[in-house]
Amino acid sequence: KKLMIRDIVCMEAQNQNILISTASETYCVRYNLSDYEQELQEDSFFRVHRSYLVSIGHIKSVGKNEVIMDSGAVLPVSRSKEKALKEALFQYIRKEAF
């Protein structure tokens with residue numbers, strides 16, 4: 001099954017599988033989250049935690065140690081990633097505004 005990148009909300013690593021979540025469905029594939037992180041970096045994806053890669057365009061809000069996606073999913077954010085996430089979010093908003 002082919003997915004449009006813009007439809008992907010987040011990806012979660014579980015053992016040797018990756019759960020790819022869209023607004024309506026979740027797909028399971030055998031892959032490495034680090035490989036997806038490298039491939040999707042230019043498409044505004046950000047690794048918020050060792051187990052989660054999120055689409056910046058689907059972020060609804062950022063709280064302390066968590067991010068809320070527009071799908072309603074609440075995902076953890078590593079303390080070491082908080083500052084970089086906020087900067088990536090600001091860059092995304094700046095890019096989308098023009």
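# Reading pockets, cores and odd residues

Modeller: Let's start with a concrete case: K1, K2, L3, I5, I8, M11, I20, Y27, V29, Y36, E39 and L40 line the second largest pocket. This is a predicted model, in which local features need pLDDT of at least 70 and side-chain atom pairs count only at pLDDT 80 or more, while totals for chains, interfaces and linings use all residues. Residues are numbered from 1 along each chain as its sequence is written, and side-chain values use heavy atoms, with hydrogens and water left out.

Colleague: Fine, but what counts as a pocket, and as lining it?

Modeller: Rolling a probe the size of a water molecule over the atoms shows where empty space is left. On a 1 Å grid over the protein atoms alone, a pocket is an open set of points where a 1.4 Å probe fits, with protein on both sides within 12 Å along at least five of seven lines; a lining residue has an atom within 4 Å of a point. Volume is the space filled by probe spheres set on the points, which are joined across faces, edges and corners. Here, the second largest pocket holds about 190 Å³.

Colleague: Which elements supply at least two residues each to the lining of the second largest pocket?

Modeller: β1, β3 (26-30) and α1 (33-40) do, and α1 has the largest share, three residues. Elements are DSSP runs numbered from the N terminus: helices are H or I with at least four residues, strands E with at least two. By class, the lining of this second pocket has nine nonpolar, no polar and three charged residues. The classes run like this: Ala, Val, Leu, Ile, Met, Phe, Trp, Tyr, Cys and Pro are nonpolar, Asp, Glu, Lys and Arg are charged, and the others, Gly among them, are polar.

Colleague: How many residues of each class line the largest pocket?

Modeller: Five nonpolar, three polar and five charged. The largest pocket has a volume of about 330 Å³. Of its 13 lining residues, Q41, S44, F45, I56 and A88 come closest to the centre. Both β4 and α2 supply at least two residues of that lining, with α2 giving the most, four.

Colleague: S44 shows up there. Where does S44 lie, and is S44 buried or exposed?

Modeller: S44 sits in the loop between α1 and β4, and it is buried at 12% relative accessible area. Buried means under 20%, exposed over 50%, and partly exposed in between, with a 1.4 Å probe and protein chains only. Its phi is near 65°, a positive value in a residue other than glycine. N65, in the loop between β6 and β7, also has a positive phi of about 65° without being a glycine, but N65 is partly exposed at 31%. Back in the α1–β4 loop, E42 is exposed at 69%.

Colleague: How do I read a nonpolar core?

Modeller: In soluble globular proteins, nonpolar side chains tend to be buried together. A core here is a set of buried Ala, Val, Leu, Ile, Met, Phe, Trp, Tyr and Cys residues joined through side-chain atoms within 4.5 Å. In the largest core, of 15 residues, V48, V54, I59, M69 and L75 touch the most other members. The elements giving two or more residues are β1 (8-14), β4 (45-49), β5 (52-55), β7 (66-69) and α2 (82-97); α2 has the largest share, three residues. A second, separate core of nine residues includes I18, I20, L33 and L40.

Colleague: What is V48 in contact with, beyond its neighbours within four places in sequence?

Modeller: V54, P76, V77, S78, K81 and L85, where contact means heavy atoms within 4.5 Å. Try H58 too: with residues up to four places away left out, H58 touches R6, D7, I8, V9, I68, M69 and D70. H58 is found in the loop between β5 and β6 (59-63), and it is buried at 15%.

Colleague: And aromatic pairs: which residues form one here?

Modeller: Rings of Phe, Tyr and Trp (its six-membered ring) pair if their centres lie within 6.5 Å; planes under 30 degrees apart are stacked, over 60 edge-to-face, and the rest tilted. A search of the whole structure finds one pair. That is Y31 with Y36, tilted, at 4.3 Å centre to centre and 50° between the planes. Y31 is partly exposed at 35%, whereas Y36 is buried at 15%.
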